[in-house]
Amino acid sequence: MATVLSRALKLPGKKSPDLGEYDPLTQADSDESEDDLVLNLQQKNGGVKNGKSPLGEAPEPDSDAEVAGAGKPRLSEVTPEGYPLEPLGALEQKAASSIVSYVRTSVFLLMLVVSMVLVLVCAFLIPCPPRDLHSTWSRHLGPQGGGDLSPLDLADVNGDGLRDVLLSFVPSGNGSASGVSRPPAVLVCLSGMNGSTLWSSPLPEEARDITCLDLTPGDMAKTVCLVTGTHKMLSAFNGTSGKAMWTLNPNYLSNGTLAAPAVVLPDVDEDGVRDLAVLAFGDLQQDLCFLLVSGRTGSPVGRPVKYNIVGVGNLIGPQVYITASGATYILFGFGNIQAVALRDIFIQAQNRDNLPPSLQIEEPEWEKQRSVNLSELIDVYSDGVELLQMVKAPDSNSSNLLITTRQGLVLLRGQNLTPSWVLGLQGPHSQPTPGYFTDDETIDFLLQIPNGVGMKKVMVVDGDSGLVTWSYSIPCHMKETPATSAATVEQKSVFLFWAEGLSAASPNPDVVLGTGPPSLHHLYLLHPTFPSILLDLANATGTVTASEVGINDLWKDAFYVTRTTGPSSEGHPAPLVVSKLSLRWALMEGQMVQLEETTPKIGRGELRRFLSRIKFVDSPYQPVQWGVHDG
C-alpha cells in the first residue's frame with residue numbers, strides 16, 4: 001500500500017524537490033529505490049526486519065518490483081528528513097572538541113600579541129649598538145713641544161664596546177699668553193667612536209709607557225691605566241674618569257731612576273688585586289734593583305732587592321714569564337737574558353720564607369739552568385741580544401721566547417730553554433710582528449730589515465721551521481716604521497706595514513722603485529691568500545711613530561690607529577695627529593698593487609669578493625700575561 005500511495009503522489013511532468021524531474025525511462029530504477037526507502041522506514045519503526053515481520057511471518061509482496069528489490073543491499077538508515085542520526089555522546093564530544101580548539105586559538109593569539117608588544121618595547125627602550133663599520137677619523141692635537149717617546153694604547157674605558165685611544169705627549173711651550181704654566185706632559189683619552197676627548201690629566205714628566213689592564217680579576221674588574229715616566233713617575237689612573245688612583249712615592253726609589261715600564265705580577269700580598277714590579281737603576285747602570293708595588297695602593301711590598309748584572313748592550317726587559325706549571329720568573333739583562341724567580345725576590349723583599357700560594361710553584365727545567373755556584377740568576381741567553389718577545393706556544397698554555405740578536409733570530413722553547421731554530425740575518429732593525437701566514441697554525445713572523453739606501457726588505461719567517469716563506473724589497477726612507485697584524489676567523493692574519501709608493505708589477509721582485517715623493521708614505525696590507533698582491537689602504541705625509549690594531553667584537557671589524565708627527569715648518573714645531581681607520585672599509589676602498597704576474601690572473605672582482613667576507617677577531621697569539629688587554 002505504501003508503494004502504491006507513493007507512486008500515486010507523483011504527477012507526470014511535475015518537478016519534485018526531493019526526487020528531481022520525472023523521467024519515464026528511469027521510472028523502474030526510481031521505483032526500486034523508493035521500495036528500499038520504505039522498507040528501511042518500516043524497520044526503523046519496528047516493522048519488517050530481515051525480510052520478516054515481528055511475528056516471524058514473511059510479508060506479502062505488493063508487486064514484482066518489491067520482490068526484486070528485496071534481494072538488493074539496503075541503504076544505510078536515515079531519518080525521515082534524509083540525514084543520518086548521530087548518538088548523543090558524539091554530539092557532546094564534537095562540542096567539547098570545538099571548545100578546546102577555540103581555547104587553543106585564543107591562547108596562541110594572546111601569546112602572539114604579547115610577543116609583539118615585548119619586541120616593540122625592547123626596540124624602543126634598548127639602544128642600538130653604535131655602528132663602527134665606516135668610522136674613520138683624524139684628530140689634530142696641536143704641536144708637540146718635544147719628547148722622543150710615543151706611548152699609545154687601546155682600551156674600552158667608557159663601556160660602549162669600542163676600544164678608546166690613550167696617549168701621552170709633551171705640549172708645545174712652557175706657558176701661555178696669560179702666564180699660566182702648562183704641565184710638562186699630558187695624558188689624553190680619545191673616544192674610539194669619533195676621536196673626541198673623553199678626559200685628560202696632567203703628568204709631572206714625560207711618559208715612557210701606557211698600559212691599560214684589569215688589576216682586579218672577576219666581576220669587579222675595571223680598567224686601570226698604568227703610566228710609567230722617564231724618571232721616577234709610576235701612577236695608576238681610573239680609565240673611566242681619568243683621575244689618579246695612586247702614585248708611587250719617588251722616595252722609595254732612593255737615588256734610582258725607573259729603567260723600564262712596570263710589569264704585572266700575580267697577587268703577592270693577597271689583597272685580591274694583582275701587584276706590580278718595577279726595575280730601577282742604582283748609582284751605577286749595572287746596579288739594578290727590583291721593587292714590588294701593591295696594585296691596590298701603590299705602596300711598596302717590602303724593601304728593594306738589588307742585583308748586579310754583568311753584560312754589555314741594551315737593557316732587556318723586564319718581562320714576566322709564566323711556565324706551563326704556573327711558576328713565575330722575571331727576565332732581564334744587558335745584552336743578555338737572565339731570569340730570577342719571583343719567589344726569590346719576594347723572600348728578600350719581605351725577609352721571610354712564608355710564601356703565598358702563587359709563589360710556591362717551581363719549574364724543574366728552569367731550575368736546572370742555575371749557575372754552578374747556585375746563584376739566584378738563571379742564564380737564559382747571552383749572545384748580543386737586542387729584543388725579547390713572548391710568543392704563545394702552539395697547543396700549550398705557556399710561551400716561547402723569540403730573541404732578536406745582532407746576527408738574526410732565535411726561537412727558544414719555553415719549556416726547557418733549548419733552541420727550536422736559528423735564522424741568520426744582518427741588521428734586523430724592528431721588532432718582529434707575529435701572525436698566521438702559513439697553514440700549519442703555528443705563529444709566523446714578519447720582519448723589516450735594511451736593504452740598501454732608501455730600501456728595506458719585508459719578509460715572513462715560518463714559525464715552525466725558521467725559513468723565509470715570503471719576501472719583497474720596498475722603498476722606505478723612514479728609519480723605523482711600526483708593523484702590526486690582525487687575526488681573522490679563518491686562523492689567518494693580515495699584516496700591515498708602511499713604505500713609499502709602489503709602481504706596477506716589476507719583472508724583478510727585488511727592485512721596486514717608488515712612485516711618489518719620499519715624504520709620502522703608504523700603508524700596505526698583505527694577506528697570505530694573495531701573496532702576490534699588496535693593498536694600498538692609506539697614506540700619510542708625516543712620520544708614523546706608533547700604531548695599534550683594535551677589534552670591534554660586535555661587527556667583527558678591526559681598526560688601525562696611528563700616531564703621526566706631521567712635517568714641521570721652519571720655526572714651528574711638528575703637529576701631532578692621531579688617526580683611526582676601519583680595516584673592512586679600507587679593504588673595499590684600497591688600491592691593488594700587483595707584485596708579480598700569476599696564472600690565472602687575479603681579478604679585482606674576485607679579490608673584492610674575498611675581502612668582503614673577512615671577519616676579524618681578537619688576537620689568539622698573545623702570550624700568557626697577567627690581566628693585560630690584547631688591545
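A salt bridge here is a side-chain nitrogen of Lys or Arg within 4 Å of a carboxyl oxygen of Asp or Glu. With that in hand, let us walk through this predicted model, starting with its charged pairs.

The whole structure holds seven salt bridges. One of them joins the side chains of Glu367 and Arg343, with N and O 3.0 Å apart. This pair ties together distant parts of the chain, since Glu367 sits in helix α6 and Arg343 in helix α5, 24 residues away. Both Glu367 and Arg343 are buried. For Arg343 the relative accessible area is 9%, and because buried means under 20%, the label follows directly.

Arg343 has another partner. Its side chain also meets that of Glu362 in a salt bridge, at 3.2 Å from N to O. Here, too, the link spans distant parts of the chain: Glu362 belongs to the loop between α5 and α6, 19 residues from Arg343 in helix α5. Glu362 has a relative accessibility of 45%, so it counts as partly exposed.

Now turn to the loop between β25 and β26, where Asp439 is found; its partner Lys492 lies in the loop between β29 (484–488) and β30 (493–500), 53 residues away along the chain. The two form a salt bridge whose closest N and O atoms are 2.2 Å apart. Asp439 is exposed, because its relative accessibility is 67%, whereas Lys492 is buried at 14%. Looking back at the earlier pairs, shared partners join Arg343, Glu362 and Glu367 into one network.

The loop between β25 (433–435) and β26 (444–450) also carries Asp440. What kind of charge does the surface patch with Asp440 carry? Negative: Asp395, Asp440, Glu441 and Asp464 gather there. Asp440 itself is partly exposed, because its relative accessibility is 35%.

The surface has a nonpolar patch as well, of about 530 Å², made by Ile99, Tyr102, Val103, Val107 and Met111. Val107 lies in helix α4, which covers residues 88–125. With a relative accessible area of 42%, Val107 is therefore partly exposed.

The backbone deserves a look next. Most residues other than glycine have a negative phi, and most peptide bonds are trans. Asn351 departs from the phi pattern, with a positive value near 55°. Asn351 is placed in the loop between α5 (342–350) and α6 (364–367), and it is exposed because its relative accessibility is 62%. Leu417 likewise has a positive phi, about 60°, although it is not a glycine. Leu417 sits in the loop between β23 (408–412) and β24 (419–424). Is Leu417 buried or exposed? At 9% relative accessibility, Leu417 is buried. As for peptide bonds, the one from Gly317 to Pro318 is cis, with omega near 0°, and Pro318 is part of strand β17 (residues 315–322).

Another stop is Ala260, in the loop between β12 (257–258) and β13 (263–264). Its relative accessible area is 5%, so Ala260 counts as buried. The C-alpha atoms of Ala260 and Gly229 are separated by 8.8 Å, while the two residues are 31 apart along the chain.

Finally, the cysteines. A disulfide is a covalent bond between the sulfur atoms of two cysteines. How many disulfides does a search of the whole structure find? The answer is zero. Cys212 is buried, because its relative accessibility is 1%, and Cys289 is buried with a relative accessible area of 14%.

Note on methods: Residues numbered from 1 in each chain as written. Predicted model: local features only at pLDDT ≥ 70, side-chain atom pairs only at ≥ 80, totals over all residues. Heavy atoms only, no water. Patch = residues over 30% accessible without salt bridge, like charges linked within 9 Å, V, L, I, M, F, W, Y side chains within 5 Å. Areas by Shrake-Rupley, 256 points an atom, 1.4 Å probe, with all protein chains shown as cover. Lys, Arg positive; Asp, Glu negative; His and termini not counted. Charge placed at Lys NZ, Arg CZ, Asp CG, Glu CD. Helix = DSSP H or I, 4+ residues; strand = E, 2+ residues; numbered from the N terminus. Buried < 20%, exposed > 50% of the residue type's maximum accessible area, 1.4 Å probe, protein only. Disulfide = S-S within 2.5 Å.
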